[in-house]
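Trainee: I would like to go through this model with you, one short question at a time. Please give the reasoning before each answer.

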Amino acid sequence: MKTEVLVLGYESSCDETGVALVRSCGDGLPQLLAHALHSQIEMHQAYGGVVPELASRDHIRRVLPLTKQVLAQSGRELTEVDVVAFTRGPGLAGALLVGAGVACALGAALARPVLGVHHLEGHLLSPFLSADPPDFPFVALLVSGGHTQLMRVDGVGLYRVLGETIDDAAGEAFDKSAKLLGLGYPGGPALARLAERGNPGAFNLPRPLLKSGDLDFSFAGLKTAVMVQARKLALGANCAVESLPGEVLADLAASTQAAIVEVLVKKSLAALEETGMHRLVVAGGVGANQCLRQHLNAACATLRARVHYPELSLCTDNGAMIAMAAAMRLQAGQQRASADYAFDVRPRWALGAT
Ligand code: KG4
Ligand code: ZN
């Protein structure tokens, strides 16, 4: 009797095509056998952001070569795959359709069941792929390009939102501020790099909702404050914002990052205190930010709380987290893979909603 379950996973919700093979066996944590990723960043850079139609077309081009790469790397055959998983949402409709279409076509051709996964659940469970996986329950800080949420996680599929952004996400605050400073796309990593040489106390930017008494976030005002500050400086220097001296731009970047990080850290601590938990899991692209990691580690140490992160390479979108989330759902009996290959995608989809 076959005891292992091989899950092939596809991620195509935005500008990364990710494919991965995960093996689960008995009750142990599923293991990643191989994953491959193609980032479209270079292609979208010329446009200053993701162009949905170009994204979909590029996913089509990449998805099968990446599948072959993953199978070759893992030394497994396509026919050994037991379940095919894909990101069902949220994300760009056309981009999601590529992963869903390929996964369901493969499922039908191999006569294997398929399973649609929530993209944020993938991020949420991605720290289980790290060398230091957490135990349940924990508080999760989900910080991606489109979402900022604090969640109480009691097990696979047992998620409760404690607080979330009422407007822009943390990643959006990084991206939009970076764009204002002329740093291009994607802005988060570029702003973080520039911030390394700047003074985080140079400009007093707002910390939105810091004292709101709840666990919600708001970052839209911060971006406006960055814009006002940058334009004032540019007016004084009689130049465009992008032409301000490098030190000034670095100070602006560092001050922006400090404001975002302070709010994320304080609210995460408040969530730990409110729930009485001592474990924090950070997931999503902004979780790669080193300044956030340093401040979270220091702050959590004062509460004797542990922080778990995904591997740096698995913070941003990837197929491994989708295959892993599917494998963990199946293992937990939360969901059965389906042999109905008539698929749909859910571009807008709240985690926890059915
Ligand atoms: O999770 P993700 O790959 O995609 C979504 O699901 O949205 O997150 C992408 C976001 C972008 O906003 C990007 O600028 C941000 O994560 N990001 C960072 C860093 N790396 C990625 N933000 C700050 N510092 C970083 N090092
Ligand atoms: Zn993501």
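Trainee: Is His-123 buried or exposed in this predicted model?

Mentor: The cut-off for buried is under 20% relative accessible area. His-123 has a relative accessibility of 1%, so His-123 counts as buried.

Trainee: What is the relative accessible area of His-119?

Mentor: His-119 is also on the chain of donors for the zinc ion (ligand 2). His-119 is classed as buried, and its relative accessible area is 7%.

Trainee: Why are His-119 and His-123 separated by about one helical turn, and in which helix?

Mentor: The two histidines are four residues apart, and both belong to the helix that spans residues 119–125. Because of that spacing they are about one helical turn apart, in helix α4.

Trainee: Which residues coordinate the zinc ion (ligand 2)?

Mentor: The coordination distances run from 2.0 to 2.1 Å. Along the chain the donors follow the spacing H-x3-H-x193-D. Two of the residues bind through NE2 and one through OD; they are His-119, His-123 and Asp-317.

Trainee: What is the geometry of the site of the zinc ion (ligand 2)?

Mentor: Four donors count as tetrahedral if all angles lie between 85 and 135 degrees. The four donor atoms here give angles of 95 to 134 degrees, so the site is classed as tetrahedral.

Trainee: How many aromatic pairs are there in the whole structure, and how is the pair of Phe-128 and Phe-138 classed?

Mentor: A search of the whole structure finds four aromatic pairs. In the pair of Phe-128 and Phe-138 the ring centres are 6.2 Å apart and the planes are at 45 degrees, so this pair is tilted.

Trainee: Which parts of the chain does the pair of Phe-128 and Phe-138 tie together?

Mentor: Both residues are buried, and together with Phe-136 they form one aromatic cluster. Phe-128 and Phe-138 are ten residues apart in sequence, so the pair ties together the loop between α4 and β6 and strand β6.

Trainee: How are the rings of Phe-217 and Phe-219 arranged?

Mentor: Phe-217 is buried at 0% relative accessibility, and Phe-219 is buried with a relative accessible area of 0%. Their ring centres are 6.1 Å apart, with 15 degrees between the planes. Planes under 30 degrees apart count as stacked, so this aromatic pair is stacked.

Trainee: Which residue lies over the face of Trp-349?

Mentor: The residue is found in strand β4, residues 83–89, and is partly exposed, with a relative accessible area of 23%. At 5.4 Å from the ring centre of Trp-349 lies Arg-88.

Trainee: In which sense do strands β2 and β3 pair, and which residue in the turn has a positive phi?

Mentor: Strand β2 (residues 16–25) and strand β3 (residues 31–39) pair over eight bridges in the antiparallel sense. Ala-20 stands opposite His-35 in β3. The two strands form a hairpin with five residues between them, and the turn residue with a positive phi, of about 60 degrees, is Gly-26.

Trainee: How many disulfides does the structure hold, and how far from Cys-300 is the closest cysteine sulfur?

Mentor: The structure holds zero disulfides. Cys-291 is buried at 16% relative accessibility, and Cys-300 is buried at 0%. The cysteine sulfur closest to that of Cys-300 is in Cys-291, too far for a bond, at 14 Å.

Note on methods:
Residues numbered from 1 in each chain as written. Chains lettered and ligands numbered in written order. Predicted model: local features only at pLDDT ≥ 70, side-chain atom pairs only at ≥ 80, totals over all residues. Heavy atoms only, no water. Donors = N, O, S within 2.8 Å, 3.2 Å for Na, K, Ca; no water. Tetrahedral: all angles 85-135°; square planar, octahedral: opposite > 155°, others 65-115°. Buried < 20%, exposed > 50% of the residue type's maximum accessible area, 1.4 Å probe, protein only. Phe/Tyr/Trp six-rings, centres within 6.5 Å; stacked < 30°, edge-to-face > 60°. Lys NZ or Arg CZ within 6 Å of the ring centre and 35° of its normal. Pairing = 2+ DSSP bridges. Disulfide = S-S within 2.5 Å.
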